[in-house]
Amino acid sequence: MAETQDIFLRAQNRTFGGLSEDLEREWTGPFYFIQAADPQLGLMKAWREGDCDGGGDEWAEEVELTKRAVEATNRLRPRPRFMVLCGDLVHAMPGTPFREDQERDLKMVLKDTDPSIPLVFVSGNHDLGNTPTPATVEQYCRAWGDDYFSFWVGGVLFLVLNSQLYFDSSACPQLREAQESWLDTQLSKKPKHVVVFQHIPLYISKPDEEDDYFNLQREVRQKLIHRFKEAGVTAVFSGHYHRNAGGLHDGLDVVVSSAIGCQLGHDVHGVRVAVVTAERVVHRYYSLERLRTEGMDEDQRTLLRA
């Protein structure tokens, strides 16, 4: 395990491209990152067989797709500052068969990420359980790192949230309270941009939509939206939906990205390229093959040269 852990620890040590956190607090010009979601090793066969609760005994397809995502990312020039995976790293819930094997195989694939590209992990409902407990959160943290934290890159503050604590914290209310207190402190800062990563979207298409498995409950959602707008958050990136969705409402960009792994709609397996400029975050979803063979579009490359 020690061989595979080095690539995961760079993000937690808050060192990006060899620069200290203090240096990363300063705006130095446009940069970009890769946002991916839901490799979810084991879901594709389980979904086909209609046994998402008890299935998941094969995951070669997801391993191959994650390899393609890593290869596509490694080919990009200039390099992205980091790659973030927005939850549901594996399909097997905590304490169920195949969990350890899926985590092992995902780490083996991800270790081939170029050493100059830190990996950032976001916890999903399959990583923590639909109703997380202190034990499942602790297990996740041992395997992948903190379930919520912040880091700076190029003058931008990035916040990683444990959205499962907002969806159902009934078995660990103290953990939600701790995240809430921490978030208040983070949102009081005033960087060039604040960008949030979480697994469950605030909403799929509009802020006042009905509650659903794929979004946060309306009361919780509205409070978070208000807090984010008050703090000047630029964008909230998420996954979970296995389709592309979201929208820009009243200045807050809610970005829902489809999956590396199983697709539940008409999108293709892919990742999102997000270019950060002084004024905005310009993002676009690419198929794995398109990104691997052609790279990002010229208009995004132009933004990086501005």
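The protein chain folds into 12 helices and 11 strands, counted as DSSP runs from the N terminus (helices H or I with at least four residues, strands E with at least two). Keep in mind that this is a predicted model, where local features need pLDDT of at least 70, side-chain atom pairs count only at pLDDT 80 or more, and totals for chains, interfaces and linings use all residues. Residues are numbered from 1 along each chain as its sequence is written, and side-chain values use heavy atoms, with hydrogens and water left out.

Here are the overall figures for the chain.

| Property of the protein chain | Value |
|---|---|
| Radius of gyration | 18 Å |
| C-alpha spans along the principal axes | about 50 × 45 × 40 Å |
| Exposed area | about 12500 Å² |

The 18 Å radius agrees with the value near 19 Å for a compact globule of 306 residues; it is taken over C-alpha atoms, and the rule is 2.2 Å times the number of residues to the power 0.38. Buried residues make up 56% of the chain, buried meaning under 20% relative accessible area with a 1.4 Å probe, protein chains only.

Now for helix 4. Residues 60–75 form this 16-residue helix, which reaches 23 Å from first C-alpha to last, close to the expected 22 Å (1.5 Å times one less than its number of residues). Its buried residues include Val63, Leu65, Ala69 and Val70. What do the buried residues of helix 4 pack against? Their partners include strand 1 (31–36), helix 5 (99–110) and strand 10 (270–276), with contact meaning heavy atoms within 4.5 Å.

Methods. Buried < 20%, exposed > 50% of the residue type's maximum accessible area, 1.4 Å probe, protein only. Areas by Shrake-Rupley, 256 points an atom, 1.4 Å probe, with all protein chains shown as cover.
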